[in-house]
Amino acid sequence: ATLNQPSQIKALTYDYIIVGGGTAGLVLANRLTEDPTVTVLVLEAGVSDQGLTNLQVPFLGPTLTPNTIVDWNYTVTPQPGMNGRSFAYPRGRVLGGSSSVNYLFHQFGTDEDWNRLASISGDIGWNWTNMKKYVQKHEKFVPPIDGHNTAGQFIPSLHGFNGEVSVSLPGNNQTIDPRVLATTKQLAEFPFNQDTSGGDHSLLGIGFLQSSAGGGVRSSSSTSYLANASNRPGLTVVVNAPVTKLLSTGNGKAKGTVAFRSVEFRASPATPAGAGTLTATARKEVILSAGTVGSAQILQLSGIGDPARLKSVNVNSLVANSDVGENLSDHTLLPNLFSVQGNLSFDGVLRSADLSQAAFEQWAQNKTGMFANNIVNNYGFARLPSNSPLLKPTDPAAGPKSPHFEMITSNVYFNPGIPMPPTGSFMTIVTVLSCPTSRGSIRIKSNNPTDAPQINPNYLSTAFDIGTMIESVKAIKRFIAAPAWKDYVIGPFGDAFAAATSDASIESYVRGLTTTIFHPVGTASMSSKAAKNGVVNPDLTVKGTEGLRVVDASVFPFVPSTHTQGPVYLLAERAADIIKQANQ
Ligand SMILES: Cc1cc2nc3c(=O)[nH]c(=O)nc-3n(C[C@H](O)[C@H](O)[C@H](O)COP(=O)(O)OP(=O)(O)OC[C@H]3O[C@@H](n4cnc5c(N)ncnc54)[C@H](O)[C@@H]3O)c2cc1C
């Protein structure tokens, strides 16, 4: 049962308590309650996703954040590498977490991403050879909604067809699709890639997007993993239940460790901090799945972090670890806008209330049409040339097959935070830095759990990161110069893009416009058991503690080369196996 208020909770002792009913949290909720004798409490700060129709509409993904009731509404500190700009940093605050509000791109990371994780952690279980079996448990590949023949658009042997989350190829032609595909034939630099899911199939090249949607409807961790487990008597999910901190339950069995098996949460989101809290206790384990921001914040509020920093905000240090909240890494997004001929882009529909309503009604009636699809159909990945000076002395990609940047084409004006002009047709080619080397931090500003933490991703602070973004802009200029675009693209839109013709002017364009593509990781990073750095061990237990793990995007020491929901799903699937085995 999903309870709407913490006050409805009948019991305060469970085998496991999961903090955060998001992407990873609901995978664990499902897998741990497969055993009917196990009891699990999930505490989710956000609202239920039930009845929030827009969350189900794939095309509306970009409208769900920022500054909505399903977003934590964070902003980043002024970013020196981005001309001192501060901007929105969306995170899902709703059942399903960010999987309920994301843009539905679905991939798994490259085999090299996973092999690097195995090598850093010293646990070969994180190797792709082992992780790929979780694709079968997780993914349910379904036909696109227009039922077209998908031969040649994906490779079936790389996919799961009986898992939990529905995944599908685009079900409508964006009118630019043939031009994108023609470019892959006209320019050897941008070959066609038959499958963009990653793993041991190369990510390089341009292909069709795979989205976490089925039958024209978003598939989130809530509509899949949770829905498929919701009638299990052992599972209790509570929404509107913000966790304020973990409570120490004494010394752990291993010398010098502290046990954390109790969780303090607010009796209602409206309750002032410190007043009206409840405490639940786990017989076995507390699992933090509050995401890269939430888990880092809760660890620090609970006294797990850098002692001096904790002292400065009046938090009593219980477990000293100065890596908590540090090592923040994220992909950056640059929306390169082009003015295009005619009125075949989506802009006309989005500007017209009547046309948008008609598209919505078509979706509501039979889940077809523009709104039943993602805003993107095609995208791909590329590497810098092997002789690029940016790769000296080291190449930060996970391996020689992993990308340095990504290109996403969409037949619409897409510019986060900047409204669409009243007239004109546009196409956007977003470029994304796939292997950032900048590192930032998430630090609590006070001991008040309702205060948003200070989020400083420190974007574009290295020569590699800014240099690669500059190269990505040059690459899409070459892409758009293919004959396929001759009678469609008028030219770059906006003075800064139009003026971006030299490295120096491209740099100023990049620093002036780049923002986040919402893939933060690393604030509770995984390291080997013997390592002096890192926050969690390879089995995701928090170093220096007992009864406590972190299972979410925060544990990745490097951001995977791809969009991050798929890697989080696979991580959580393996985490469930690790936890079950540890508690047999
Ligand atoms: C706008 C947006 C677009 C994105 N687009 C894509 C995409 O297209 N493809 C892709 O692969 N990835 C995308 N991502 C990233 C991807 O969705 C995330 O990497 C992934 O979902 C993170 O999973 P998680 O379990 O770590 O955290 P989340 O799914 O964010 O879950 C954390 C949960 O914990 C809850 N929580 C936090 N603090 C507390 C607390 N104190 N008490 C109780 N509960 C708490 C949150 O409300 C949330 O439900 C996007 C993300 C965003 C925000």
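Welcome to this predicted model. A good place to start is Pro66, which sits in the loop between α2 (53-56) and β4 (74-75). The peptide bond leading from Thr65 into Pro66 is cis, with omega near -5°. From there, this briefing visits other backbone features, the ligand shell, two annotated histidines and some helix packing.

**Backbone features**

- As background, most peptide bonds are trans, and most residues other than glycine have a negative phi.
- Besides the bond at Pro66, a cis peptide bond links Lys392 and Pro393, with omega about 0°. Pro393 belongs to the loop between β19 (378-382) and β20 (405-410).
- Asn83 is not a glycine, yet its phi is positive, at about 55°. You can find Asn83 in the loop between β4 and β5 (88-89). Asn83 is partly exposed because 13 other C-beta atoms lie within 10 Å, and a buried residue would need 20 or more.
- Leu460 also has a positive phi, of about 50°, although it is not a glycine. Leu460 lies in the loop between β23 (454-456) and α12. Leu460 counts as buried because it has 25 C-beta neighbours inside 10 Å.

**Around the ligand**

- The shell around the ligand holds 40 residues, of which Gly20, Gly22, Gly97, Gly294 and His563 come nearest.
- Three helices, α1 (23-32), α8 (291-301) and α15 (565-582), each contribute at least two residues to this shell.
- Sorted by class, the shell has 20 polar, 16 nonpolar and 4 charged residues.

**The annotated histidines**

- Which residues carry the "active site" feature in UniProt? The unreviewed entry places it at His519 and His563. These two are spread over 45 residues of sequence but cluster in space, with a largest C-alpha distance of 6.9 Å.
- His519 is in the loop between β25 (515-516) and β26 (545-546). Its 26 C-beta neighbours inside 10 Å are the reason His519 counts as buried. Leaving aside residues up to four places away in sequence, His519 touches Asp330, His331, Val559, His563 and Thr564.
- His563 is in the loop between β27 (548-550) and α15. Is His563 buried or exposed? His563 counts as buried because it has 27 C-beta neighbours inside 10 Å. With residues up to four places away in sequence again left out, His563 touches Phe105, Gln107 and His519.

**The annotated C-terminal domain**

- In the unreviewed UniProt entry, the annotation "domain: Glucose-methanol-choline oxidoreductase C-terminal" covers residues 436-572.
- The span 436-572 is 30% helix and 12% strand, and its end C-alpha atoms lie 24 Å apart.

**Helix packing**

- How do helices α12 (residues 463-480) and α14 (residues 503-513) meet, and at what angle do their axes cross? The axes come within 9 Å and cross at roughly 105°, which means that α12 is roughly perpendicular to α14.
- In this contact, Ile466, Met469, Ile470 and Val473 of α12 meet Asp503, Ile506, Glu507 and Val510 of α14. By class, the contact has 6 nonpolar and 2 charged residues, with no polar ones.
- Elsewhere, helix α3 (residues 111-121) has Asp111, Glu112, Asp113, Trp114, Arg116, Leu117 and Ser121 as buried residues. The buried residues of α3 pack against α4 (128-131).
- Just past the end of α3, Gly122 adopts a positive phi of about 70°.

Methods: Residues numbered from 1 in each chain as written. Predicted model: local features only at pLDDT ≥ 70, side-chain atom pairs only at ≥ 80, totals over all residues. Near = placed C-beta within 6 Å. Helix = DSSP H or I, 4+ residues; strand = E, 2+ residues; numbered from the N terminus. Nonpolar A, V, L, I, M, F, W, Y, C, P; charged D, E, K, R; others polar. UniProt positions renumbered as here; feature names shortened; annotations may be inferred. Axes fitted to C-alpha atoms, helices over the stretch in contact; angles between N-to-C directions. Parallel < 35°, antiparallel > 145°, perpendicular 65-115°, else oblique. Contact = placed C-beta atoms within 7 Å. Buried ≥ 20, exposed ≤ 12 C-beta atoms within 10 Å, placed from the backbone.
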